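Let's take a tour of a protein together. Have a look at the model below, and then we'll start with a single residue and work outwards.

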Amino acid sequence: MTARALTFGSVAAAYERYRPGYPTELVAEVLTYAGRPVRRALEIGAGTGKATRAFARRDIAVTATDPDAAMLRELAAHVPSTVTIAQAAFEDLDPGAPYDLVFAAAAMHWTEPVGRWERVAALLVPNGTFANFGGQVNLADPSVEAAVRAARAPFLESDGMPSPDGTPDESEMQWPGTELARSELFTDVRQIPFGRRATVSAHDHIGHLSTVSAYLQLTPSVRERAFDAILRALPNKVEVTSDITLHLARRAR
């Protein structure tokens with residue numbers, strides 16, 4: 001997982017261009033759940049800072065962390081000067097002064113499972129809030145998805161990310177809510193969905209795929225052939241879903 005997590009810096013500009021951002025409604029949900037002033041927040045695996053920006057707009061002093069220097073260089077070009085930037089893997093973060101809020105956007109599945117929730121709890125003030133959110137971009141039309149799957153098959157079996165704890169897609173509670181609910185370190189675990197749809201060009205969809213770790217693991221020549229095959233299978237415009245699942249939890253002590 002660590003190797004895959006460090007592939008994104010090679011496509012940092014594409015990541016910024018093609019990855020969707022996060023809605024203001026999600027930020028409002030997190031802050032309402034917190035139930036107290038959120039003055040200091042820390043983002044785990046901030047990438048190019050799309051989530052950092054959303055929270056910084058609410059006059060929160062955000063510290064954005066990521067292990068990839070290239071991603072942080074892209075982040076620095078887009079976040080306000082009030083954001084503190086630190087190159088560090090989650091496992092190497094020094095708890096120091098704890099935060100009112102710790103959040104992660106499509107990043108926690110890259111972290112080391114052993115001790116994961118103990119480390120998050122150590123970063124939070126008592127009763128502080130942890131928020132995890134993200135979701136995959138999928139083709140909305142099943143027939144288009146089937147055509148793309150067939151075109152991709154010679155190069156890559158799947159471009160999805162399985163649940164870190166094996167939770168089936170049909171389960172009511174999804175990861176990391178499953179693990180948070182079992183942890184004695186957290187309480188009041190909630191799962192909130194945000195539905196999103198958009199119509200994009202076939203080339204922009206390929207641009208998004210160019211930021212997906214499964215493709216970044218391919219050699220450049222194989223990746224190019226895979227994208228050519230997928231592009232031929234796509235109509236000029238495609239409808240995509242980019243639903244977000246938000247998990248919230250409160251440090252129990």
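## Starting from one leucine

This is a predicted model, so keep that in mind as you look around. Find Leu246 first: leaving out residues up to four places away in sequence, Leu246 touches Leu26, Glu29, Val30, Ala131, Asn132, Phe133, Arg190, Gln191, Ile192 and Phe194.

## Two nonpolar cores

Leu246 also turns up in the largest nonpolar core, a group of 31 residues. It is one of the residues with the most contacts inside that core, along with Val30, Phe55, Leu101, Phe103, Ala131 and Phe133. Which elements each supply at least two residues of this core? They are the helices H3 (24–34), H4 (50–56) and H5 (69–76), plus the strands S2 (61–66), S4 (99–105), S5 (124–134), S7 (186–194) and S10 (244–251). H3 gives the largest share, 6 residues.

There's another core apart from that one, with 21 residues, including Ala88, Ala107, Trp175 and Leu180. As a rule of thumb, nonpolar side chains in soluble globular proteins tend to be buried together.

## Two residues to compare

Is Glu179 buried or exposed? Glu179 counts as buried, because its relative accessibility is 18% and the cut-off for buried is under 20%. You'll find Glu179 in helix H8, which covers residues 177–182. Setting aside neighbours within four places in sequence, Glu179 is in contact with Arg116, Trp117 and Asp165.

Now try Ala140, in the loop between strand S6 (138–139) and helix H7 (142–152). With a relative accessible area of 24%, Ala140 is partly exposed. Ala140 touches Arg197, Glu239, Val240 and Thr241, again not counting residues up to four places away in sequence. From Ala140 to Ser210 is 70 residues along the sequence, and 19 Å through space from C-alpha to C-alpha.

## Zooming out

Step back, and the protein chain has 11 helices and 10 strands. Its C-alpha trace spans about 55 × 40 × 30 Å along the principal axes. The radius of gyration is 18 Å, which agrees with the value near 18 Å that a compact globule of 253 residues would have.

How many of the residues count as buried? The figure is 51% of the 253. Take the contacts between residues at least 6 apart in sequence: 77% of them join residues at least 24 apart.

On the outside, the accessible surface comes to about 12100 Å², and 50% of that belongs to carbon and sulfur atoms. As for charges, there are 26 positive and 30 negative ones, and their mean positions are 3 Å apart.

Methods:
Residues are numbered from 1 along each chain as its sequence is written. This is a predicted model: local features need pLDDT of at least 70, side-chain atom pairs count only at pLDDT 80 or more; totals for chains, interfaces and linings use all residues. Side-chain values use heavy atoms; hydrogens and water are left out. Helices (H or I, at least four residues) and strands (E, at least two) are DSSP runs, numbered from the N terminus. The radius of gyration is taken over C-alpha atoms; the globule rule is 2.2 Å times the number of residues to the power 0.38. Buried means under 20% relative accessible area, exposed over 50%, partly exposed in between (1.4 Å probe, protein chains only). Contact means heavy atoms within 4.5 Å. Accessible areas come from the Shrake-Rupley method with a 1.4 Å probe; for residues, only the protein chains shown count as cover. Lys and Arg count as positive and Asp and Glu as negative; His and the chain ends are not counted. The place of a charge is taken as NZ of Lys, CZ of Arg, CG of Asp or CD of Glu. A nonpolar core is a set of buried Ala, Val, Leu, Ile, Met, Phe, Trp, Tyr and Cys residues joined through side-chain atoms within 4.5 Å.
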